[in-house]
Amino acid sequence: MEKERKTGGVLGTIERVGNMLPHPFILFLYIIAILAVVSAVLSLIGVSAVNPTTGELVEVQNIISRDGLVWIVENMLNNFSTFAPLGLVLAMQMAIGLAEGAGLLDTFMRRAILGVPLWALSATVLFLGINGSIASEASIIVIPALAATAFQAMGKHPIAGLIAGYAATNAGFTANVLITATDALLYGVTEEAAQLIDPEVSLTPAINWYFMIVSTFLLTLVGVFVNDRIITPRLGEYRGSEKAAERVATDVEKRGLRNTGIFTLIYIALLLVCLIPHNGILRGENGSILESPFINGLVPILIVYFILAGVVYGKTVGTIKSSGDVPKIMADSLQSLTGYVVLVFVIAQFINMFSYTNLGTIIAVNASNALQNVGFTGIPLVIGVILLTIVVNFFMTSGTAKWYIFAPIFVPMFMLLGYSPEFAQVVYRIGDSIANPLTPIYPYLPIVIGMAQKYDKKTGIGTIISMTLPYSIAFLLVWIVQVIVWMVFDLPLGPGASVFM
């Protein structure tokens, strides 16, 4: 049993109100009904916007018109089957579930963190989570699950670890000490937008690198404070599992870890053999690593690793006795996702219906135009763009899709005010990350709720949002201060990239 968590204050109110909402499946049915009515009304009055990327007029499409209803009937199953996060979640859960079912994760966590102080554990989870974007969205599933296991192994509340991992991988998604796929995706859009003002502009994926390296360490530090001073005390003492110090690894478990470690070294060596040579099979065109099968295939690489590592450990310690045990453990690990799969069906319908109505594009364009018309400059401009991006993120969670809309407006606007395209991209990326864990339509929110319910059946939407909110606010404040420091001292954002033109 565990001590009852604190439920007072603003966070307690948010949690109670959020958890009073109907089941997410029913909630999304209500949202879809509201969307249908709104699309019908706005379509009738002719609401529209001009897409700055294509120059085309975008009008609201009525979801309950004849065409809209035909679209729903023809696309309902496709909306569900092509929902991108579903395949990722199921595949990663099978892989991690095998490693967990074999006992590898529990033993590894107990051995790795034995005697480690809480602040170091929190810092490790947050640092890895913030840098998890190198593995794309797979980190959103892997790191919170591992963090919960690590916290539980130390006798700390596993939900504190889960929330730390979830907040880090989402609110801190854009920060990293390495150049990631996000950098590669965004810089090309920024370059095209900048060329509307100066056709000679040429950018690289590293234009925000220095800023994001510093961000990684700053967010880790403030994240440790939030976890240790706000979230952990709020959850109370956890007594639902034995502490790591109370059960050390047995000899056979140590042998299992040793064999798994040897396998890990061999696996990494094979990856390096395929990656280090300029013509390695995991390299991209012209020997590129950034845009390569290695980066694009990180998720499958991780899936294969967790499965094989689980098999090696399980065979060593005896939790896997025959080949038939492997699919059985993997199948058992999916039982906890049945509710998620059902929920995904209605979430996928809403997201695709919202896209069909064009409301996301129209909201983004009109909101950015309104900000431009206000005539903000300097720090108010920076804060305005960040807050606008946060608001729009509640309706459109895809960072790349939003930047396709915002870049042709924000980048020229920044340039005409004397700021660089690189700086406009940094400001946008901050706003895009902050609201990720707070958005009810975020596709990974249900899976995190499911993970949390493993430790507390009462966990709901309100619980997750109330506990990630302090992280988002803290990250936002730190990032605003960091941006101001960069502006005041005109520090480099990346190689050859500065704040001002």
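**Helix packing and selected residues in a predicted model**

Student: What share of the contacts in the protein with a separation of 6 or more comes from residues 24 or more positions apart?
Tutor: Contact means heavy atoms within 4.5 Å. Of the contacts in the protein with a separation of 6 or more, the share due to residues 24 or more positions apart is 79%.

Student: What is the mean pLDDT of the protein?
Tutor: This is a predicted model, in which local features need pLDDT of at least 70, side-chain atom pairs count only at pLDDT 80 or more, and totals for chains, interfaces and linings use all residues. Residues are numbered from 1 along each chain as its sequence is written, and side-chain values use heavy atoms, with hydrogens and water left out. pLDDT is the predictor's confidence in each residue, from 0 to 100. In the protein, 89% of the residues reach 70 or more, and the mean is 84.

Student: Which helix has the lowest confidence in the protein?
Tutor: Helices (H or I, at least four residues) and strands (E, at least two) are DSSP runs, numbered from the N terminus. The protein has 21 helices and 2 strands. Where pLDDT is low, the predicted coordinates should not be read in detail. Confidence is highest in helix 19 (residues 421-434), at 94, and lowest, at a mean of 64 over residues 9-20, in helix 1.

Student: What percentage of the 501 residues is buried?
Tutor: Buried means under 20% relative accessible area, exposed over 50%, and partly exposed in between (1.4 Å probe, protein chains only). Of the 501 residues in the protein, the buried ones make up 54%.

Student: Are helix 11 and helix 13 roughly parallel or roughly antiparallel to each other?
Tutor: Axes are lines fitted to C-alpha atoms, for helices over the stretch in contact, and angles run from 0 to 180 degrees between N-to-C directions. Angles under 35 degrees count as roughly parallel, over 145 as roughly antiparallel, 65 to 115 as roughly perpendicular and the rest as oblique. The axes of helix 11 (residues 251-275) and helix 13 come within 8 Å and cross at roughly 150°. The two helices are therefore roughly antiparallel.

Student: How many charged residues are in the contact of helix 11 with helix 13?
Tutor: The helix 11 side includes Glu253, Arg255, Phe263 and Tyr267, and the helix 13 side includes Tyr305, Leu308 and Val312. Ala, Val, Leu, Ile, Met, Phe, Trp, Tyr, Cys and Pro count as nonpolar, Asp, Glu, Lys and Arg as charged, and the others, Gly among them, as polar. By these classes the contact has 13 nonpolar and 5 polar residues, and the number of charged ones is 2.

Student: What is the handedness of the crossing of helix 4 with helix 13?
Tutor: The axes of helix 4 (residues 84-101) and helix 13 (residues 298-317) come within 7 Å and cross at roughly 25°. That angle makes helix 4 roughly parallel to helix 13. A crossing is left-handed if the near helix is turned anticlockwise from the far one by less than a right angle, and right-handed if clockwise. The crossing of helix 4 with helix 13 is left-handed.

Student: How many nonpolar residues are in the contact of helix 4 with helix 13?
Tutor: Helix 4 residues including Leu88, Met92 and Ile96 meet helix 13 residues including Ile303, Phe306 and Gly310. The contact has no charged residues and 1 polar residue, and the number of nonpolar ones is 12.

Student: How far apart are the axes of helix 17 and helix 21?
Tutor: The crossing of helix 17 and helix 21 is right-handed. Among the residues that meet are Ile379, Val382 and Ile386 in helix 17, and Leu476, Ile480 and Val483 in helix 21. Helix 17 (residues 378-393) and helix 21 (residues 461-489) pack at an angle of about 145°, and the separation of their axes is 11 Å.

Student: What distance separates the C-alpha atoms of Ile32 and Val346?
Tutor: Ile32 is in helix 2 (residues 24-44) and is buried, because its relative accessible area is 15%. Leaving aside neighbours within four places in sequence, Ile32 is in contact with Val346, Gln349, Phe350 and Met353. Ile32 and Val346 are 314 residues apart along the chain, and their C-alpha atoms are separated by 8.9 Å.

Student: Is Asp183 buried or exposed?
Tutor: Asp183 is found in helix 9 (residues 181-194). Not counting residues up to four places away in sequence, Asp183 touches Leu178, Pro205 and Arg429. With a relative accessibility of 3%, Asp183 counts as buried.
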